Amino acid sequence: MADQNHELRKAGLKVTLPRVKILQILENASGQHHLSAEEVYKTLIDAGEDVGLATVYRVLTQFETAGLVIRHNFDGGHAVFEMTQEEHHDHMVCLDSGEIIEFVDEIIERRQQEIAEEHGFELIDHALVLYVRPKA
């Protein structure tokens, strides 16, 4: 819990039990790095924590503002959250299962940089999402 307390303080947030618990859930999301507010809430309820859904939404928004998490609005505005990572990655979203796959491709990264430069721009940031289905 000391790590979460430090992260919250470093982000300029007061250490509260709901914030610590939600941060722990996001950090420990085993194999599933992208969680919705509802999934975080369900995990809290399953653990016997007395935290309301409105609190979960409020804390996730605070975390986003503080730079601790990134909000993604994949497939029709359904928001999911992942911990901010130092290494850039892109996403594939399976339209059948909803699974979110993270990937890094140096050729795509280099080509995006080249395209921006060809048009007289400096690439500052980007988000690439590929919507996929399993091959039949």
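A pocket here is an open set of points on a 1 Å grid over the protein atoms alone, where a 1.4 Å probe fits, with protein on both sides within 12 Å along at least five of seven lines. Its volume is the space filled by probe spheres set on the points, with grid points joined across faces, edges and corners. This is a predicted model, so to speak from the record: local features need pLDDT of at least 70, side-chain atom pairs count only at pLDDT 80 or more, and totals for chains, interfaces and linings use all residues. Residues are numbered from 1 along each chain as its sequence is written, and side-chain values use heavy atoms, leaving out hydrogens and water.

**The largest pocket**
- The largest pocket holds about 280 Å³ of space.
- Its lining has 17 residues (each with an atom within 4 Å of a point), and the closest to the centre are Ile70, His72, His88, His89 and His126.
- Strand 1 (69-74) and strand 3 are the elements that give two or more residues to this lining; strands are DSSP runs of E, at least two residues, numbered from the N terminus.
- Strand 1 gives the most, with 4 residues.
- By class, the lining has 5 nonpolar, 8 polar and 4 charged residues, where Ala, Val, Leu, Ile, Met, Phe, Trp, Tyr, Cys and Pro count as nonpolar, Asp, Glu, Lys and Arg as charged, and the others, Gly among them, as polar.

**The sheet**
- There's an open sheet of 3 strands in the order 4-3-5, with mixed pairing; two strands pair if DSSP finds at least two bridges between them.
- Strand 4 (100-103) and strand 5 (129-132) sit at the edges, each pairing on one side only.
- Neighbouring strands are turned by 25 degrees against each other on average, direction ignored, using axes fitted to C-alpha atoms.

**Strand 3 and its partners**
- Strand 3 (residues 90-94) runs antiparallel to strand 4, joined by 4 bridges, and parallel to strand 5, again by 4 bridges.
- Val93 stands opposite Ile100 in strand 4, and its bridge partner in strand 5 is Tyr131.
- Strands 3 and 4 make a hairpin with 5 residues between them, and Gly98 in the turn has a positive phi of about 85 degrees.
- Strand 3 is largely enclosed by the rest of the structure because 4 of its 5 residues are buried (under 20% relative accessible area, 1.4 Å probe, protein chains only).

Note on methods:
Axes fitted to C-alpha atoms, helices over the stretch in contact; angles between N-to-C directions. Buried < 20%, exposed > 50% of the residue type's maximum accessible area, 1.4 Å probe, protein only.
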